[in-house]
Amino acid sequence: MADSSQPDISSTQQAVVNGSARGKENIANGHAPEPAQTTAPRIPSISAPSDKPSLADNATVDGSTTPVKTPFIHPIPSSTPATRPALTADQQTKYNSLLNKAQFWPSIPTTSKPDAPVSPLTDSERLWLTRECLLRYLRAAKWNEAQATARVQATLVWRREYGVEGHTADYISEENETGKQVLLGYDNEGRPCLYLNPHLQNTKGKEKQIQHLVFMLERCIDLLPPGQETLVLLVNFKESRKGEGATVAQARQTLNILQNHYPERLGKACVKDVPWLIWGFFKIITPFIDPTTKEKMKFDEDLTKIVPPAQLLKKFGGDVDFEYDHEKYWPALNGLAEARRKEMRERWEAGGNRVGESEEFLRGRGESVSVNDEKAKKEKMGNGSLGVESPKLRRTPSFQDDIKS
């Protein structure tokens, strides 16, 4: 039986399909259309663990089962994220300091050029600056606050310059017509699984191929369940031939994007059936892979120990009979992702449009940081305090001054 906390699958599926069925006439020059005015489905919660997920527990967007043609709506109940340890006093202090800076960054450059014009942070950029986002950069910088500050700022500029939010589903669509990248299912800790199939390469434009990967990384992030921040890459080289893989230049650019602008996002990278030509390629790019990323790379492992068979493709050892149908999969994936983004935006606005909002709250679990702030106020006043002793908020005259200071 499905857990009572699970949503009405049919209504969720219908809302996703409706949200993804807009005509292409609203899309021009690769820019995103105005958000739909429909009500997005509630983000499904994770129910109690179960060894044998029911159909509702393991539902796809369109209800397909054999073969599966659209993404699974949520992880199976037994897939639960690991709990992160609490911050130490020193880590909390550094986080508070970085948050206080980020709250008052007045504007940021539109490109990385030294003389680039600046413009204020948009609401979507402020929403991106969550509590967990700032902590990911602090962890990646080994809690060096100055380095974390510089890296967060550099990513904000990169996202503008690269056009991350402007790469629409329609613009990217041709890159995925063969199913060379498939976002499907979740691992044992609720990480979204992104399959990469190099043998299905169908385009020549190297730059757009990397834009395609960034687009799919963003969709993985959209579909993260509460409490999870990372994803899994599964790469199948079995049918790959010479010339179908990435070039060394592409690999270096991709590693740069992953390591600098998506820090602490890779949970595991599972590589299967690596031919000798690809082994040589890995040896060439190994010097450019940081040690933390290397530790997350797994070669020819039993993937059923990482991903539950009920959400793992058969060619990787699982039970899922999957058939890629671009006309069904692509709108279903993007409709589901759009519904999740809309819900997150609504929660962010309800919480007060704050930099440093909790991602768990945005994904449908727990409370907004504004609620916790109010609780802290009441506790302090109850202890005889005249008010809240929160860290002093410091305004900075320019975006770059935080690094100088």
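Which residues do ring pairs link into a cluster? In this model, which is a predicted one, the answer is Trp158, Tyr162 and Tyr262, joined to one another through ring pairs. Let me stay with the aromatic residues for a moment, and then move on to the core, the helices and the backbone.

The count of aromatic pairs comes to 8. One of them is formed by Tyr195 and Phe316, whose ring centres are 5.0 Å apart and whose planes stand at 65° to each other, an edge-to-face arrangement. Tyr195 belongs to strand β4, residues 192-196, while Phe316 sits in the loop between β7 (297-299) and α11 (326-350), so this pair ties together parts of the chain that are 121 residues apart in sequence. Tyr195 and Phe316 are both buried. For Tyr324 and Tyr329, the centres are 5.2 Å apart and the planes meet at 50°, so that pair is tilted. Tyr329 has a relative accessibility of 0% and therefore counts as buried.

Rings also meet charges in this model. Lys208 places its charged end over the ring of Tyr171, at 4.2 Å from the ring centre, and Arg219 does likewise over the ring of Phe215, with a distance of 4.5 Å to the centre.

Tyr195 comes back when we turn to the nonpolar core. The largest such core has 55 residues, and within it Leu184, Leu194, Tyr195 and Leu234 are the ones that touch the most other members. At least two residues of this core come from each of α5 (145-162), β3 (181-186), β4, α7 (206-222), β5 (231-236), β6 (266-272) and α11, with α7 giving the largest share, 8 residues. To take Leu234 as an example, and setting aside neighbours within four places in sequence, its contacts are Cys193, Leu194, Tyr195, Leu196, Cys270, Leu303, Val307, Leu312 and Phe316. So both partners of the edge-to-face pair, Tyr195 and Phe316, appear in that list. Apart from this core lies another, of 20 residues, which includes Trp128, Leu129, Cys133 and Val355.

Cys133 brings us to helix α4, residues 131-140, which is mostly covered, with 8 of its 10 residues buried. The buried residues of α4 are Glu132, Cys133, Leu134, Leu135, Arg136, Tyr137, Leu138 and Arg139, so you will see charged residues on that list as well as nonpolar ones.

How do helices α2 and α5 cross, left-handed or right-handed? The crossing of α2 past α5 is right-handed, and the axes of α2, which covers residues 89-102, and α5 come within 10 Å and cross at roughly 35°. On the α2 side the contact is made by Lys94, Ser97, Leu98 and Lys101, and on the α5 side by Glu145, Ala148 and Thr149.

Finally, the backbone. Most residues other than glycine have a negative phi, and most peptide bonds are trans. Against that background, the peptide bond from Thr66 to Pro67 is cis, with omega near 0°, and Pro67 is found in the loop between α1 (9-19) and α2. Lys142, although not a glycine, has a positive phi near 55°; Lys142 is placed in the loop between α4 and α5 and, at 69% relative accessibility, counts as exposed. Asn353 likewise has a positive phi of about 55° without being a glycine. Asn353 lies in the loop between α11 and α12 (359-362), and its relative accessibility of 27% makes it partly exposed.

Notes. Residues numbered from 1 in each chain as written. Predicted model: local features only at pLDDT ≥ 70, side-chain atom pairs only at ≥ 80, totals over all residues. Heavy atoms only, no water. Phe/Tyr/Trp six-rings, centres within 6.5 Å; stacked < 30°, edge-to-face > 60°. Helix = DSSP H or I, 4+ residues; strand = E, 2+ residues; numbered from the N terminus. Buried < 20%, exposed > 50% of the residue type's maximum accessible area, 1.4 Å probe, protein only. Lys NZ or Arg CZ within 6 Å of the ring centre and 35° of its normal. Core = buried A, V, L, I, M, F, W, Y, C linked by side-chain atoms within 4.5 Å. Contact = heavy atoms within 4.5 Å. Axes fitted to C-alpha atoms, helices over the stretch in contact; angles between N-to-C directions. Left-handed = near helix turned anticlockwise from the far one by under 90°.
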